[in-house]
2 protein chains.
Amino acid sequence: MPKSTFFNLSPEKRCAIEQAAIEEFARNPYEQASLSKIVSACGIAKGSMYQYFDDKLDLYLYIVDLAYGKKRQFVNKAFALETDFFSTLEEYYRQSYLFAQEYPLLHQVTNNFWDSRADVLHSELAKGRSTRARDFQRFLTEAVHGGVVNPNLNPEAVFFVYHAVGKDLIDQFGCEENGKFFKEILDVLRYGLMIREELD
Amino acid sequence: MPKSTFFNLSPEKRCAIEQAAIEEFARNPYEQASLSKIVSACGIAKGSMYQYFDDKLDLYLYIVDLAYGKKRQFVNKAFALETDFFSTLEEYYRQSYLFAQEYPLLHQVTNNFWDSRADVLHSELAKGRSTRARDFQRFLTEAVHGGVVNPNLNPEAVFFVYHAVGKDLIDQFGCEENGKFFKEILDVLRYGLMIREELD
DNA sequence: CCCCAATATGACCACCCAGTCACATGATGC
DNA sequence: GCATCATGTGACTGGGTGGTCATATTGGGG
């Protein structure tokens, strides 16, 4: 957590620091990101940074929180409107996609965080992963009880698949208009590869 | 490509160098891996390394090739035996899993390579991805013609999904003790989330 | 045995890093 | 104007990096 001095800063200065940090952590994973570059980018002294944050990790986790906070504002909309399972799912990805479009740097920060291998981040990663898994699985279980989702699938495996696809999907098409491909991908997950006799 | 002096080395010395490099590149992505640690680990002088390889990248790509060469020995078995589409797919991931079990370090090397963000590796990565895409789509088209795969799905989208999931799945192989999980994941892709009337 | 090319060496270079600390500057209350 | 405390500073430390190069060692052919 940042020190109180950080929050006493003028909003402009605070934003300048955040922005410089976001840019660096979007370009590089935690280990390769350079504090020296951040401070020189926002024009403050190296020592000042240590008045605001305990260390590099403290700053990093603060920025990661910022990114996820903003992302949550988007994806929560998907769960707000009450519709069927597959529509909610599609809306979830659409919102992730909008987030990536509107805040590409924050999106890169979350991506770098998610596939980070740094030892110091392991516990944080595990925490985030299990939270997401829990939320998704609750949502999935409802749909299974409602009879729209195949009950024979392992919910953990379903989460794994959706998460993997979501990550790459937003990564790959973050800057293009590709609504059609988007839906085709969700169709793959929805219908499965195996031919469906009942649809023919 | 290594210089000729490298191949003139005694097999023991060559293996010692390879082993030390493999360990370092398994632990760290390219950018963070340390040449100094590699040379001290295998007990040769720093300068000697530059008698064998042009630079760090040259050594790295050689090691990555080693890893993928070994991996190919495994996954090619999946395409050797003539069976149905879904069995081949399962066998492919089973072989990947076995590779990860038997050569965890090489497995980590391929993982680190695959989600590397280093600029110098971008072209190498793109090459690998397009090769995979071509192979997969040929394989998929056969299965569509054979009537086992839903012809309404966009083959490009199918590859996208399998690529994304396969990547993350293989990533997990190192730490998951459970060899069953990958089958459950393949089932998600095979059957799709939507309930299948014909199976109930 | 000696010569010479191939190979091995490690001190060294320039550069980068996170983090520190003695000191400078600012502001606040008196 | 003064004293006090919070904030800002950047040179510095100790440690790391990839890569170089003058020099030393080796080993085979004449």
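**View 1. Polar contact between Gln51(B) and a base of DNA strand C in the predicted model.** A polar side-chain atom of Gln51(B) is placed 2.8 Å from a base nitrogen of DNA strand C. The elements contributing two or more residues to the surface near this strand are α3 (35-42) and α4 (46-52) of chain A, along with α1 (4-8) and α4 (46-52) of chain B. Of these, α4(B) supplies the largest share, 5 residues.

**View 2. Backbone contacts of Gly47(B) and Ser36(A) with DNA strand C.** For Gly47(B), a polar backbone atom lies 3.4 Å from a base oxygen of the strand. For Ser36(A), a polar backbone atom is found 3.2 Å from a phosphate oxygen of DNA strand C.

**View 3. Protein surroundings of DNA strand C.** The strand is surrounded by 20 residues, and the closest are Ser34(A), Thr5(B), Gly47(B), Gln51(B) and Tyr52(B). Of the atoms of DNA strand C that come within 4 Å of the protein, 60% belong to sugar and phosphate. Classified by residue type, the surface near the strand comprises 8 polar, 6 nonpolar and 6 charged residues.

**View 4. Chain A, with its helices.** Chain A contains 10 helices and 0 strands. Along the principal axes, its C-alpha atoms fill a box of roughly 70 × 35 × 30 Å. Chain A has 200 residues, 48% of them buried. The accessible surface of chain A amounts to about 10,000 Å², with 52% belonging to carbon and sulfur atoms. Among contacts in chain A between residues at least 6 apart in sequence, those joining residues at least 24 apart make up 68%.

Note on methods. Residues are numbered from 1 along each chain as its sequence is written. Chains are lettered from A and ligands numbered from 1 in the order in which they are written. This is a predicted model: local features need pLDDT of at least 70, side-chain atom pairs count only at pLDDT 80 or more; totals for chains, interfaces and linings use all residues. Side-chain values use heavy atoms; hydrogens and water are left out. A residue is near a molecule or strand if one of its heavy atoms lies within 4 Å of it. A polar contact is a pair of N or O atoms within 3.5 Å; within protein, one must be able to donate a hydrogen and the other to accept it, and residues adjacent in sequence count only if both atoms are side-chain atoms. Helices (H or I, at least four residues) and strands (E, at least two) are DSSP runs, numbered from the N terminus. Ala, Val, Leu, Ile, Met, Phe, Trp, Tyr, Cys and Pro count as nonpolar, Asp, Glu, Lys and Arg as charged, and the others, Gly among them, as polar. Buried means under 20% relative accessible area, exposed over 50%, partly exposed in between (1.4 Å probe, protein chains only). Contact means heavy atoms within 4.5 Å. Accessible areas come from the Shrake-Rupley method with a 1.4 Å probe; for residues, only the protein chains shown count as cover.
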